[in-house]
Amino acid sequence: METRMRKSGFTLIELLVVISIIATLASMLMPVYSRAKEKARQTTCLSNQRQIVQYTQMWIQDHEETYPDSASVWTSLQIDQDILRCPTKGRATANAYVFNRLLCDMSEGQIDDPTSFLMICDGAHASTTTPEVTYANLMYTGVDMEKRHFNHALCGFVDGHVDNDLSLKGFGYRENFETSVGSEWSQTTTGTTPAGARKFLGPFTNSTVSLNLTGLPTHTSLSISFDLLVIGNWTGNTGPCQMQVTVVGGKNIINSSFSTEPTMVQAYPGDIPASNAGNTGAMLVNGLGYPKDALYRISSSIPHDAKTLALSFNASGLTGTAQWGIDNIEIIGQ
C-alpha cells in the first residue's frame, strides 16, 4: 500500500495571515518606537537647557550679578554650539532656544521668585529692524515659544531647574524703554527728559497707546504699575485733561484728570469727577526739566486669568503744551 507524504510549508492563505499579523504588530510598535526616540531627544534637550542655565548663572557672577544686554546675549555667553542644538529641531538650526528678553540687563537682586522666572525655552525669533529693532533668539512674546516635545515646550528657570511649559505659573513683564521698544506696543516713540536724561515711551498728546501680551502662563490676578509722566500745561478738571487706562474688556485702572497747576483742581487720586488740588499724589513735581511737569506712580491689582492681556492708555482734552508718557511699567501675574 502506497503511503503519501504531505509536503511541509505554508499555504498561500497561511502566509498572508502571517504577513497580516506582522504588519499589525509593526503598526502598533512604530508609535511606541517613535515616542521612545522623541523621549530620548527630550532628555538631551533638557540637559542642554540645564547647561545653558548653569553657564548663565556662572557668567552673571563674573559680571556684577547682571544679565547680558539684548544685543549681545548669545555672543556674550559663548556657549558651545552643540549645546544650542535641539535634536528634535535638527542640526540645521544653529540655536534652537530663546532667551527671555525681560532678563536682559536685569540685576539678579531684582528677581523676586527665581523658581518661576523663565530664563530660556524652546523657541525661535528672527531679528527685525522694522517697525522696531529686535534681536535673534530672544523671547519677546509667547509666540516665540515652540512646543516641539509632545506638544510642550521645555523651559529653563533662573533658579536652575528645567521643566515643561505646564510648570509656568505666574509671569513678570517689565519695561523701562532704555533700549528698543518691543512689538507688543502699538507706539514706539521714545523721548528723554531734559533733567536726568530719563528715557520713556512718548511724548504723546491726545492719543491712544496699547500694550498687548499673548501666551501668558497660568495666573489668577495681575498687579499693574507704571510711571505716568504729565508734561506741560495740564488743566485738570477744567479741561478736562483726562487720562484713562483700561484693561480691554475689563476694568479701568484709572479714569482721572491731572493738573500741573496747583491752583486748579484735578480728580486724581480719585476718578472723575473727584476734586483734589493740582499735583496731589505726585512723586515728583517740576523735576523732569520741563517748564511744568509731574511724575505719578500708578498701581492697581485686578483679577485676571486670560492667556492674553490688552492695556489701553488714552489721553483726551489736552491742549497747548500738554503731553504725557509712560515709564517703568511692571505687570506681575500670580
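Visitor: Which side chain does the side chain of Glu184 contact at 2.6 Å?
Guide: In this predicted model, the Glu184 side chain makes a polar contact of 2.6 Å with the side chain of Tyr173.

Visitor: Which side chain makes a polar contact with Glu184 at 2.8 Å?
Guide: That of Arg101, again a polar contact between side chains.

Visitor: Where does Glu184 lie?
Guide: Glu184 is in a loop, the one between β6 (171-175) and β7 (190-192).

Visitor: Is Glu184 buried or exposed?
Guide: Glu184 is buried, because its relative accessibility is 3% and the cut-off for buried is under 20%.

Visitor: What does Glu184 touch?
Guide: Leaving out residues up to four places away in sequence, Glu184 touches Arg101, Tyr173, Glu175, Ser210, Leu211, Asn212 and Leu213.

Visitor: Switching to cysteines. How many disulfides are there?
Guide: The count is 0 disulfides.

Visitor: Why is there no bond from Cys45 to Cys86?
Guide: The closest cysteine sulfur to that of Cys45 is in Cys86, but at 3.8 Å it is too far for a bond, because a disulfide needs the two sulfur atoms within 2.5 Å. Cys45 itself is buried, at 0% relative accessibility.

Visitor: And how far is the sulfur of Cys104 from the closest cysteine sulfur?
Guide: The distance is 13 Å, to the sulfur of Cys121, and that is too far for a bond. Cys104 also counts as buried, with a relative accessibility of 10%.

Visitor: What touches Cys104 from the aromatic side, say Phe99?
Guide: Phe99 does touch Cys104. Not counting residues up to four places away in sequence, its other contacts are Thr56, Tyr67, Val73, Trp74, Leu77, Met119, Ile120, Asn137, Leu138 and Met139.

Visitor: Which residues have the most contacts inside the largest nonpolar core?
Guide: Phe99 is one of them, along with Trp74, Trp185, Phe313, Trp324, Ile329 and Ile331. That core has 67 residues. Apart from it lies another core, of 9 residues, including Val98, Leu118, Met145 and Phe157.

Visitor: Why would nonpolar side chains be buried together?
Guide: In soluble globular proteins, that is how nonpolar side chains tend to be placed.

Visitor: You listed Asn137 with Phe99. What is its phi?
Guide: Phi of Asn137 is near 60°, a positive value in a residue that is not glycine. Asn137 lies in the loop between β2 and β3 (138-139) and is buried, with a relative accessible area of 14%.

Visitor: And what is phi of Asn151?
Guide: Asn151 has a positive phi of about 65°, and it is not a glycine either. Asn151 sits in the loop between β3 and β4 (154-157). With a relative accessible area of 58%, Asn151 is exposed.

Visitor: Now cis peptides. Which residue does a cis peptide bond join to Pro203?
Guide: Gly202, with omega about 0°. Pro203 is in strand β8, residues 199-204.

Visitor: And which residue does a cis bond join to Pro273?
Guide: Ile272, and there omega is about 15°. Pro273 is in the loop between β13 (265-266) and β14 (276-277).

Visitor: Back to the aromatics. Where is Phe117?
Guide: Phe117 is in the loop between β1 (97-100) and β2 (118-122). Its relative accessible area is 9%, so Phe117 is buried.

Visitor: What does Phe117 touch?
Guide: Beyond four places away in sequence, Phe117 touches Asn100, Leu102, Leu103, Met106, Ile111, Phe157, Val158 and Arg174.

Visitor: How far apart are the C-alpha atoms of Phe117 and Ser20?
Guide: They are separated by 53 Å, and the two residues are 97 residues apart along the chain.

Visitor: Step back to the whole chain. How many helices and strands?
Guide: The chain has 2 helices and 18 strands.

Visitor: Is it compact or spread out?
Guide: The chain is more spread out than a compact globule, because its radius of gyration is 29 Å, well over the 20 Å that the globule rule gives for 334 residues. Along the principal axes, its C-alpha atoms fill a box of roughly 135 × 45 × 35 Å.

Visitor: What share of the residues is buried?
Guide: Of the 334 residues, 43% count as buried. The chain exposes about 16800 Å², with carbon and sulfur atoms supplying 55% of that area.

Visitor: What share of the contacts comes from residues 24 or more positions apart?
Guide: Such pairs account for 65% of the contacts with a separation of 6 or more.

Technical notes
Residues are numbered from 1 along each chain as its sequence is written. This is a predicted model: local features need pLDDT of at least 70, side-chain atom pairs count only at pLDDT 80 or more; totals for chains, interfaces and linings use all residues. Side-chain values use heavy atoms; hydrogens and water are left out. Helices (H or I, at least four residues) and strands (E, at least two) are DSSP runs, numbered from the N terminus. Buried means under 20% relative accessible area, exposed over 50%, partly exposed in between (1.4 Å probe, protein chains only). A polar contact is a pair of N or O atoms within 3.5 Å; within protein, one must be able to donate a hydrogen and the other to accept it, and residues adjacent in sequence count only if both atoms are side-chain atoms. Contact means heavy atoms within 4.5 Å. A nonpolar core is a set of buried Ala, Val, Leu, Ile, Met, Phe, Trp, Tyr and Cys residues joined through side-chain atoms within 4.5 Å. The radius of gyration is taken over C-alpha atoms; the globule rule is 2.2 Å times the number of residues to the power 0.38. Accessible areas come from the Shrake-Rupley method with a 1.4 Å probe; for residues, only the protein chains shown count as cover.
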